[in-house]
Amino acid sequence: MASDLAALQARAEELASLAAGRPEAARARRLADRLAAGRFLVAVVGEFKRGKSTLVNALVGEPVLPTGVVPLTAVATELGFGEPAATVVYLDGRSEEVAPDSIASYVTESANPRNTRRVARVEVRGWWPLLEPGAVLVDTPGLASVHEHNTEAGRDALLDADGAVVVLSADAPLSEREADLLQVLRDRRAPTFFVLNKADHLRADELAEVRRFVVDKIEQVLDVPVTVFAVDARSALAAGDAAVEAGIELRAFADVVSRFIAEDLTAARLVTARRELARLGASISGGIAIERAARAVTADKLATLVERFNDEADVQRRGFVDDRTLLARDVAALGEALAARLADIAQQAPREHAAVLTQVAEEAPRSVLADELRRRVEAAVEQTFNQQRGETLVWVEQQWRQMAGIFRARVQRRVDAARQAAAEVFEVPLPRVGVPELAEQRDRFSFLFVRVGSTTEPLGRAVSRLAPARWARRRALAAAKAELAAELDKHAGRARWDVAQRLDAACLDLEQTLRAELEGSIAAIAEAAERARRWQAQDEQSRHRAEQLAGRLQTLGSDLAALGAAP
């Protein structure tokens with residue numbers, strides 16, 4: 001399949017070269033570049049101090065990333081294949097080359113606290129065989145770190161990635177935060193691999209028991225069979241017999257990831273590349289057909305035909321604005337429905353947890369009553385949103401897919417109408433050009449669980465030692481219920497904002513993509529007519545060269561258009 005991918009890259013480069021000056025050339029060049037780069041981002045994620053950086057170092061076989069005994073990574077670091085080098089990319093778009101052994105100054109919390117250097121990411125390259133097929137390992141900041149901004153950065157890196165490696169710890173498997181992470185992975189449905197690090201901390205029988213427990217829990221959430229690789233990344237980096245034994249399962253894990261990248265990923269890229277080349281081929285073929293038809297008429301007649309086509313193109317442009325307005329209306333309605341859904345969740349949950357809070361208020365020792373109520377409030381908020389998140393996000397995605405599909409179909413009709421108008425104006429048959437299918441990665445949504453506030457002051461006042469016991473317990477219960485309601489409302493608001501932001505971004509991205517498709521179709525036709533006008537003004541020798549190039553492009557375009565039917 002790799003050879004097939006290389007062949008498609010060569011066809012894209014050929015089209016970009018032959019079609020120079022045509023609108024399809026830039027798109028062909030971008031496709032060729034994507035196929036050549038072949039980047040596939042794999043985010044290495046998990047809680048802080050699970051050994052993510054150490055695992056990445058073990059996978060590439062050398063200590064590239066800094067490691068330590070405190071939460072260390074503050075900025076995502078990307079490891080890719082190539083000439084050894086390191087590049088710092090800043091949030092403002094700037095970049096600079098740095099020495100690979102200096103990256104700790106940019107990616108660690110101690111050297112770059114709260115990311116004061118405003119680093120977006122650090123890209124490190126080296127001759128690492130695992131990454132040669134095009135994979136990029138992304139070492140992410142730890143989730144649930146004591147530094148909340150690191151948690152945000154780690155979550156963002158996961159949402160941007162094409163796949164994930166989840167690093168768990170054998171001596172503390174599946175914390176509440178990691179269970180929360182599984183929910184996010186289930187929502188995204190991206191390819192995911194699981195590693196149980198620090199396997200040397202347990203005896204063989206203990207490790208087997210922990211592995212069974214972790215597999216069961218993961219499969220319950222993801223509802224698919226999984227394999228969990230137990231590794232000792234630190235020992236695998238060392239020298240001697242211990243490293244050989246520690247590296248056995250690590251190599252098995254690396255082989256699985258490598259096969260996935262080389263086989264499954266390549267197959268997906270082949271399908272995408274064939275479709276894009278087929279679309280470009282159909283567009284080229286149509287443009288040349290119009291160009292040849294336009295050469296056969298006088299300059300005045302050609303100007304009249306172009307004017308007629310431009311009038312129809314303007315009709316479709318105005319129609320696109322109407323379509324976009326309808327999409328915006330539907331997205332706004334979805335946002336309102338989401339807000340109502342989350343508000344209902346926040347209003348119903350206090351009633352569901354009232355009995356538990358009442359029991360704690362009546363039975364907990366007075367000395368720890370405030371702390372016990374606080375823990376119950378935190379547990380109630382997390383439970384509520386962990387239970388509802390998956391269902392809510394699936395619902396949002398389904399609604400979005402439906403309305404995005406309707407918008408795409410409307411734009412397809414506008415592209416068809418523009419090309420049909422051109423076919424009628426210039427009296428030539430034109431092949432249909434399909435607009436892109438909806439990209440799955442753009443249609444996924446998530447929201448970040450915000451930690452419950454840590455202050456216990458209101459509850460502490462409610463259980464004052466100076467107040468009568470019964471009165472104090474009633475006050476504490478009332479305060480806990482009020483705090484639960486407030487926390488649920490706060491989290492519902494944050495969830496609504498997170499999803500709405502991602503929904504707006506997906507909507508804007510879809511609008512821009514499909515507007516470009518419509519404008520590209522119109523531009524290809526208009527430029528074909530303009531090339532015909534220039535051809536009429538050329539001498540005989542220039543006309544002959546232009547005709548030869550058009551013939552080669554016509555043949556190439558027909559061949560590429562046939563790729564759409566390839567298996």
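A salt bridge is taken here as a side-chain nitrogen of Lys or Arg within 4 Å of a carboxyl oxygen of Asp or Glu. In this predicted model, the side chains of Asp314 and Arg317 satisfy that criterion, with an N to O distance of 3.0 Å. Both residues belong to helix α10 and sit three residues apart, about one turn of the helix. An α-helix has 3.6 residues a turn, so residues three or four places apart point the same way. Asp314 is partly exposed at 32% relative accessibility, and Arg317 is likewise partly exposed, at 30%.

The helix that carries this pair deserves a look of its own. Helix α10 covers residues 299-363, 65 residues in total, and spans 94 Å from its first C-alpha to its last, close to the 96 Å expected at 1.5 Å a residue. A bend of about 45° is nevertheless found in α10 at Ala354.

Across the whole structure, the search returns 27 salt bridges. One of them joins Glu291 to Arg531, whose closest N and O atoms are 3.2 Å apart. This pair links distant parts of the chain, with Glu291 in helix α9 (residues 241-295) and Arg531 in helix α13 (residues 469-536), 240 residues apart. Buried here means under 20% relative accessible area; Glu291 therefore counts as buried at 4%, and so does Arg531 at 12%.

A further salt bridge connects the side chains of Glu397 and Arg401, at 3.2 Å from N to O. These two residues are separated by about one helical turn because they are four residues apart in helix α11. Glu397 is buried, at 7% relative accessibility, whereas Arg401 is partly exposed, with a relative accessible area of 27%. Elsewhere, salt bridges that share partners gather Arg22, Glu291, Arg292, Arg295, Arg531 and Glu547 into one network.

Turning to the strands, β7 (residues 163-169) is mostly covered, with seven of its seven residues buried. In a regular strand the side chains alternate between the two faces of the sheet. In β7, Gly163, Val165, Val167 and Ser169 point one way, while Ala164, Val166 and Leu168 point the other way, and all are buried. Strand β1 (residues 40-45) runs parallel to β7 and is joined to it by four bridges; Val45 stands opposite Val166 of β7. Strand β8 also pairs with β7 in the parallel sense, over six bridges, and here Thr192 of β8 is the bridge partner of Ala164.

Helix α3 (residues 52-60) is mostly covered as well, since nine of its nine residues are buried. The buried residues of α3 include the charged-type side chain of Lys52 along with Ser53, Thr54 and Asn57. Just after α3, Gly61 adopts a positive phi of about 85°.

Positive phi values also turn up at two residues other than glycine. Lys198 has a phi of about 60° although it is not a glycine, and is found in the loop between β8 (192-197) and α7 (204-222). Glu427 also takes a positive phi of about 60° without being a glycine; the loop that holds Glu427 lies between α11 (369-426) and α12 (457-462). As for their surroundings, Lys198 is partly exposed, with a relative accessible area of 22%, while Glu427 is exposed, at 71%.

Notes. Residues numbered from 1 in each chain as written. Predicted model: local features only at pLDDT ≥ 70, side-chain atom pairs only at ≥ 80, totals over all residues. Heavy atoms only, no water. Buried < 20%, exposed > 50% of the residue type's maximum accessible area, 1.4 Å probe, protein only. Pairing = 2+ DSSP bridges. Expected span 1.5 Å × (residues − 1). Bend = angle between axes of the 7 residues up to and from the residue.
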